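Could you walk me through this structure in my viewer, telling me what to select at each stop and what I will find there?

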There are 2 protein chains.
Amino acid sequence: MEKKCIGVDVGGTTVKIGLFEVSGELLKKWEIPTRKEEQGKYILDDVAASILEVLKQEEISLEQICGAGLGVPGPVKKDGYVEVCVNLGWKDRRPSEELSHLLGNIPVLCGNDANVAALGEMWKGGGEGYTDIVMVTLGTGVGGGVILDEKILSGRHGLGGEIGHIHIRDEETEHCNCGGVGCLEQVASATGIAREARRKMASCDQHSVLRAAKEVLTAKDVLDAAKEGDKLALEVMETVGHYLGVALSQIAVTVDPDIFVIGGGVSKAGQFLIDIIERHYKPYVAISQDRAKIGLAKLGNDAGIYGAARMVLN
Amino acid sequence: MEKKCIGVDVGGTTVKIGLFEVSGELLKKWEIPTRKEEQGKYILDDVAASILEVLKQEEISLEQICGAGLGVPGPVKKDGYVEVCVNLGWKDRRPSEELSHLLGNIPVLCGNDANVAALGEMWKGGGEGYTDIVMVTLGTGVGGGVILDEKILSGRHGLGGEIGHIHIRDEETEHCNCGGVGCLEQVASATGIAREARRKMASCDQHSVLRAAKEVLTAKDVLDAAKEGDKLALEVMETVGHYLGVALSQIAVTVDPDIFVIGGGVSKAGQFLIDIIERHYKPYVAISQDRAKIGLAKLGNDAGIYGAARMVLN
């Protein structure tokens, strides 16, 4: 009987868990709540108990599991060490060792959730068939993950793939959550796109459907309006696309992946968004006609469990 | 008897060759001219003949050589394929296979010269003791090399480490040699620094020692004047340092190496230059206190032969 593997994606609210064939077929997926009380001390116990229960139901023994991967929402050192994970309340933990111990010492590997999602997209998503991809997740923030030779680039200080914090805009004056200023996240996240639109409206009298009603303007509003040809919304997206395109070009001449995979809520705008980014990307990778492509992510919220499971197959 | 290895650094004018112990001790180095005529067809023959002659003199047999590395001034694909190398006249070549054939089929690996130099600095230069370094060579142009896990990141389209062509300055209007505009090379190369100073002098009346005489202003003039406290020269170096610092910060949150190693003629300005870069780098890696260091290269023009030799030891 073929071996199976397990992917665990620990979020701030829920933990997603997936049971996979080593071929990548998803056999079962489920969720449990993330108990953050008491510095998140119950999280891994809950995960282990839930996995053991499902395996029992499915009549699968631990011997049939070749390993489990764990994605966590914070920086993870190459050796799996987690100094601090604010979102879970963790400090000074070795979650892979702890979970392995709770699961009869099967191999467990731990990685940053954005990096792990990138590996998932490489395996069975928008980067399937490639070995070197860079994923960019345009959500509330901007996350990223660099996969080289089918492996996560964690970096030497846990900063590998933190491309939301690429400094991209010298003119920016507000501070980013990271403490820096002019980060990609400040303009290309859902929050950033909405802010950019508000700024634009405040700075001019130009007509726009975005001015009509609505208490809270969202990135989706901006993208929908841009697709409908609203001039102001289009200008906002040109600005966003410019900084995204420049950032990808910078990565393309440094890391040079096969493909950039764009995910997150903002990427629901689809090819329309890709086309804008591409227009601002190409002129800055002029050195070669043969360069990294730009495509869409495919796995949505499942990227994390796919990538976590894939981690243990290297 | 311990095995030895050979490093070959093919430049547009001369080929540098080094014979090394596998421990990294340089036993002998020498140069031969680069014969570029007839699409550089004689270059590898010359290299092989020269190596065989020296080995004969030194009474070392090919059996004692564990391999040779070859750095070439152009893009090299991961598998060693060279589509075109303008500087040597090469087209559609597999130099590693060819040189291996000429040297009794010993293992030969080929890489881009800037990437190979970076590996050399990791081995025995400014990056010694580290596994993940990014080298930045500030010369006539700006070259770069990314070393991860002691291996060269060539990239999927031969663009790995082409950090001289990171688009960094939206306001730039002149084109770079690569066809792009606003590349790091345009402001941080020796040529770029001199141009920046000329632009600055043309745009204002500020007093500067740089205005006195001299037909051709060089980057060294600018750096020397800045060290002496010349205000205009200092402002030029602040601009250069800003773009260099930003570029390194962008790489730090993507690739996250142990250290950046700064080499090339401009780096002769030493710690003075590093301090300026560092001041513009730190604010943009605000996300972590623990980040890549910035240091000076140590091997000068020998980095290429060291790195080429090191390639065959992986």
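Which residue of chain B forms a salt bridge with A:R156? Select A:R156 together with B:D258: these two are the partners, and their closest N and O atoms are 2.8 Å apart. Keep in mind throughout the tour that this is a predicted model.

**Stop 1: the interface**

That pair belongs to a wider set, since six salt bridges are found across the interface of chain A and chain B. Now show both sides of the contact: 49 residues come from chain A and 49 residues from chain B. Between them the two chains bury about 3,600 Å², with 56% of that area on carbon and sulfur atoms. To see where chain A gives up the most area to chain B, pick A:H157, A:L159 and A:T254, which together account for 19% of what that side buries.

Next, turn on polar contacts across the interface, where 21 residue pairs qualify, both residues being at pLDDT 80 or more. Colour β9 (142–148) and α8 (231–252) of chain A, as each supplies at least two residues of the side that touches chain B. The top contributor on that side is α8(A), with seven residues. If you colour the chain A side by residue class, you will get 21 nonpolar, 16 polar and 12 charged residues.

**Stop 2: from α8 to α9 in chain A**

While α8 is on screen, select A:E238 and A:R279, whose side chains meet in a salt bridge (2.2 Å, N to O). A:E238 sits in helix α8 and A:R279 in helix α9 (residues 271–281) of chain A, so this pair ties together parts that are 41 residues apart in sequence. Are these two side chains buried, or at least partly exposed? A:E238 is partly exposed, with a relative accessible area of 26%, and A:R279 also counts as partly exposed, at 47%.

**Stop 3: a salt-bridge network**

Over all chains the count comes to 44 salt bridges. For a linked group, select A:R169, A:E172, A:E174, A:R195, A:E196 and A:R199, which are joined in a network of salt bridges. Zoom in on A:E172 and A:R195, whose closest N and O atoms are 3.2 Å apart. A:E172 lies in the loop between β10 (151–152) and α5 (185–188) of chain A, and A:R195 in helix α6 (residues 190–203) of chain A, so the bridge ties together parts 23 residues apart in sequence. Both A:E172 and A:R195 are buried.

Now move to chain B and select B:R199 and B:E172, a salt bridge with its closest N and O atoms 2.6 Å apart. Here B:R199 is in helix α6 (residues 190–203) of chain B and B:E172 in the loop between β10 (151–152) and α5 (185–188) of chain B, 27 residues apart. B:R199 counts as partly exposed at 30% relative accessibility, whereas B:E172 counts as buried at 8%.

**Stop 4: helix α3 of chain A**

Return to chain A and select residues 95–102, helix α3, where the buried residues are A:P95, A:S96, A:L99 and A:S100. Look down the axis of α3(A): these buried residues fall within an arc of 130°, so they line one face of the helix. On the face turned away from the buried side you will find the exposed residues A:E97 and A:H101.

What do the buried residues of α3(A) pack against? Show α2 (43–57), β4 (65–72), β5 (82–85), β6 (90–93) and β7 (108–112) of chain A to see their neighbours. For a single residue, pick A:S100, which is buried with a relative accessible area of 12%. Leaving aside residues up to four places away in sequence, A:S100 touches A:N105, A:I106 and A:V108. Just after α3(A), stop at A:G104, which takes a positive phi of about 60°.

**Stop 5: two backbone oddities**

Most residues other than glycine have a negative phi. With that in mind, select A:Q39, which is not a glycine yet has a positive phi of about 50°. A:Q39 is found in helix α1 (residues 37–40) of chain A and is exposed, with a relative accessible area of 58%.

Finish at B:N105, another non-glycine residue with a positive phi, about 65°. Look for B:N105 in the loop between α3 (95–102) and β7 (108–112) of chain B, where B:N105 counts as exposed at 59% relative accessibility.

Definitions and conventions:
Residues numbered from 1 in each chain as written. Chains lettered and ligands numbered in written order. Predicted model: local features only at pLDDT ≥ 70, side-chain atom pairs only at ≥ 80, totals over all residues. Heavy atoms only, no water. Contact = heavy atoms within 4.5 Å. Buried area = accessible area lost by both parts, 1.4 Å probe. Salt bridge = Lys/Arg side-chain N within 4 Å of Asp/Glu carboxyl O. Polar contact = N/O pair within 3.5 Å; in protein donor to acceptor, adjacent residues only side chain to side chain. Helix = DSSP H or I, 4+ residues; strand = E, 2+ residues; numbered from the N terminus. Nonpolar A, V, L, I, M, F, W, Y, C, P; charged D, E, K, R; others polar. Buried < 20%, exposed > 50% of the residue type's maximum accessible area, 1.4 Å probe, protein only. Arc of directions from axis to C-beta.
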